[in-house]
Amino acid sequence: MIPYRVAVIGSGPAGVYAAEALVRSRIDVSVDIYDRLPTPYGLVRYGVAPDHPRIKSIIVALQKVLERGQVRFLGDVHVGIDVTTDELGELYDAVVFATGASVGRRLSIPGEDLAGVCSATDFVAWYSGHPDHAQAGESFPLAAESVVVIGAGNVALDVARLLAKSAEDLAQTDMPPHVLDRLVCSNVRDVHLVCRRGPEHAKFTAKELRELLELDYVATELDADLLPAGSQDPMTAANLKAFADIAAREVVHGQRTLHFHFWSRPVEFLEAGGAVAAVRLERVQDVDGVAVPTGEVTELKAGMVVRSVGYHSTPVGTLPFDDSLGRVPHDAGRVLGPDGRALNGHYVAGWVKRGPTGVVGTNRACAADTVVSILADWEGQPPRGVTSDEVDRVLSERGIRPVTYDGWLSIDSEELSRGQVLGRARTKIPDWETLRRVGASGVAGLGRDTD
Ligand code: NAP
């Protein structure tokens with residue numbers, strides 16, 4: 001009997017965990033995981049900071065899922081363009097959208113589009129070697145001495161830390177050589193983290209804050225008077241302790257300085273010579289637990305600004321999308337149509353389902369919950385009986401030849417070899433052409449038609 005067949009769109013943690021939950025169920029099921037990129041693992045590859053190899057090691061677990069007999073990886077297939085979501089709906093018993101949240105939220109303040117102001121999403125994608133951003137280096141003015149990073153989340157902290165790190169430390173990462181060359185030559189001396197509320201409200205996590213204590217060549221500036229005595233909430237208490245330790249440390253000869261600014265919200269980016277030159281900040285105060293702007297403004301010099309105030313998802317094909325929430329409307333993972341009713345066979349998992357929150361592992365439970373809904377919906381309903389040949393035929397007729405898991409292994413091995421030559425564990429291939437060429441050599445005849 002032909003198994004139930006599921007298409008998962010997106011091979012980041014949420015997509016792979018959805019496949020894992022499906023193949024671990026008692027149901028006879030096969031799963032095709034599609035990705036727009038020739039490489040799997042989504043934000044684990046292109047979002048987790050390059051100096052966080054321990055978090056990236058989750059790839060070992062994700063890889064085991066891609067190696068399961070019932071799972072295929074179809075990289076370099078753009079769902080919504082190469083094949084429509086409606087077509088996938090016809091070819092599979094269920095389609096799970098796990099497309100993440102790839103766009104940085106905007107601040108909507110004057111000067112946001114000045115040269116030198118960028119989103120953390122773009123900056124992170126560039127230094128992570130994302131092929132869409134291979135040429136983006138010139139748009140980040142690393143000649144600036146003063147950089148402002150806006151936001152009090154872990155992404156802002158990643159960006160600030162990487163801007164402050166030494167050439168020696170950065171060379172331990174898998175950054176592509178052209179990225180490393182630019183970061184190593186950066187003139188950045190001061191990195192300012194601007195947080196619109198207090199230390200007790202920051203979304204950094206203590207482990208990430210404590211990493212700063214290990215950077216003995218980076219000075220830190222934090223006003224200890226702003227730190228509340230403690231908190232009942234264990235995570236906040238751990239953060240406050242980390243902030244206190246940061247405030248107390250003395251690094252006299254720091255090559256760079258990381259400054260924490262709390263209770264400051266950006267109200268305008270100021271221009272000089274056609275590019276950003278400063279950020280106007282307004283002091284905010286706590287009035288009965290509410291952050292209230294005071295009207296008191298200051299200016300902070302900035303030759304580069306990175307806004308890191310969260311992500312939002314983008315619409316996928318014709319799938320319903322809630323613009324105000326920046327994600328797909330759903331009920332227990334079932335995509336809801338405009339009439340509020342579940343769309344047959346369409347599901348979501350990960351950030352496109354719940355918004356950009358949680359750590360990598362949070363996606364496992366999130367995806368498993370969606371799979372519970374899928375299995376419940378299949379009760380009493382046999383597989384529709386479409387084979388994988390049918391999908392392959394549709395793609396092949398359009399000249400789409402997916403990069404397979406073997407193709408990805410070729411890319412992986414090429415990156416490891418490139419790293420070894422440079423005395424590094426890995427260096428990422430940052431461009432589409434090489435990724436496709438190497439990905440096509442994984443198995444004879446695979447790869448994408450270029451004409
Ligand atoms: P986040 O944790 O939601 O932080 C966003 C920050 O932006 C908040 O501090 C928020 O302040 C601030 N913000 C929002 N709008 C603002 C505005 N208009 N002006 C000024 N500040 C504004 O988002 P993220 O840093 O992008 O991280 C996304 C997820 O990935 C999080 O769950 C994070 O923990 C996770 N992540 C984890 C790691 C790790 O584990 N190492 C690394 C990177 C990311 P308010 O609180 O005042 O709204």
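In which strand is alanine 291 found? Alanine 291 is found in strand 13, which covers residues 290-301. The model is predicted. Its chain has 16 helices and 18 strands. This briefing starts with the whole chain, then turns to cysteines, two strand residues and two loop residues.

**The whole chain**

- The chain has 451 residues, and 53% of them count as buried.
- A compact globule with 451 residues would have a radius of gyration near 22 Å. The chain has 23 Å, so the value agrees with that of a compact globule.
- Along its principal axes, the C-alpha trace spans about 70 × 55 × 40 Å.
- Consider the contacts in the chain with a separation of 6 or more: residues 24 or more positions apart account for 75% of them.

**Surface and charge**

- About 20000 Å² of the chain is exposed. Carbon and sulfur atoms supply 50% of that area.
- The chain carries 46 positive and 61 negative side chains.
- The centres of the positive and negative sets lie 2 Å apart.

**Cysteines**

- A disulfide is a covalent bond between the sulfur atoms of two cysteines.
- How many disulfides does the structure hold? The structure holds zero.
- Take cysteine 185 as a case. The closest cysteine sulfur is in cysteine 118, and it is 18 Å from the sulfur of cysteine 185, so the distance is too far for a bond. The cut-off for a disulfide is within 2.5 Å.
- Is cysteine 185 buried or exposed? Cysteine 185 counts as exposed because its relative accessibility is 59%.
- Cysteine 366 counts as buried because its relative accessibility is 7%.

**Valine 276, in strand 12**

- Valine 276 lies in strand 12, which covers residues 275-287.
- Valine 276 has 5% relative accessibility, so this residue counts as buried. The cut-off for buried is under 20%.
- Which residues does valine 276 contact, leaving aside neighbours within four places in sequence? Its contacts include Leu114, Ala115, Gly116 and Val117. Phe269, Leu270 and Glu271 are also among them. So are Ala302, Gly303, Met304 and Val305.
- One of these partners, alanine 302, is 26 residues from valine 276 along the chain. The C-alpha atoms of the pair are separated by 6.8 Å.

**Alanine 291, in strand 13**

- Alanine 291 counts as partly exposed because its relative accessibility is 35%.
- Leaving aside neighbours within four places in sequence, alanine 291 is in contact with Arg197, Trp263, Val284 and Gln285.
- Alanine 291 and glycine 198 are 93 residues apart along the chain. Their C-alpha atoms are separated by 9.0 Å.

**Two loop residues with positive phi**

- Most residues other than glycine have a negative phi.
- Tyrosine 41 is not a glycine, yet its phi is positive, at about 90 degrees.
- Where is the place of tyrosine 41? Tyrosine 41 is in the loop between strand 2 (29-34) and helix 2 (42-46).
- Tyrosine 41 has 1% relative accessibility, so this residue counts as buried.
- Alanine 332 is not a glycine either, and its positive phi is about 50 degrees.
- Alanine 332 is found in the loop between strand 16 (330-331) and strand 17 (334-336).
- Alanine 332 counts as partly exposed because its relative accessibility is 39%.

Methods. Residues numbered from 1 in each chain as written. Predicted model: local features only at pLDDT ≥ 70, side-chain atom pairs only at ≥ 80, totals over all residues. Heavy atoms only, no water. Buried < 20%, exposed > 50% of the residue type's maximum accessible area, 1.4 Å probe, protein only. Helix = DSSP H or I, 4+ residues; strand = E, 2+ residues; numbered from the N terminus. Rg over C-alpha atoms; globule rule 2.2 N^0.38 Å. Contact = heavy atoms within 4.5 Å. Areas by Shrake-Rupley, 256 points an atom, 1.4 Å probe, with all protein chains shown as cover. Lys, Arg positive; Asp, Glu negative; His and termini not counted. Charge placed at Lys NZ, Arg CZ, Asp CG, Glu CD.
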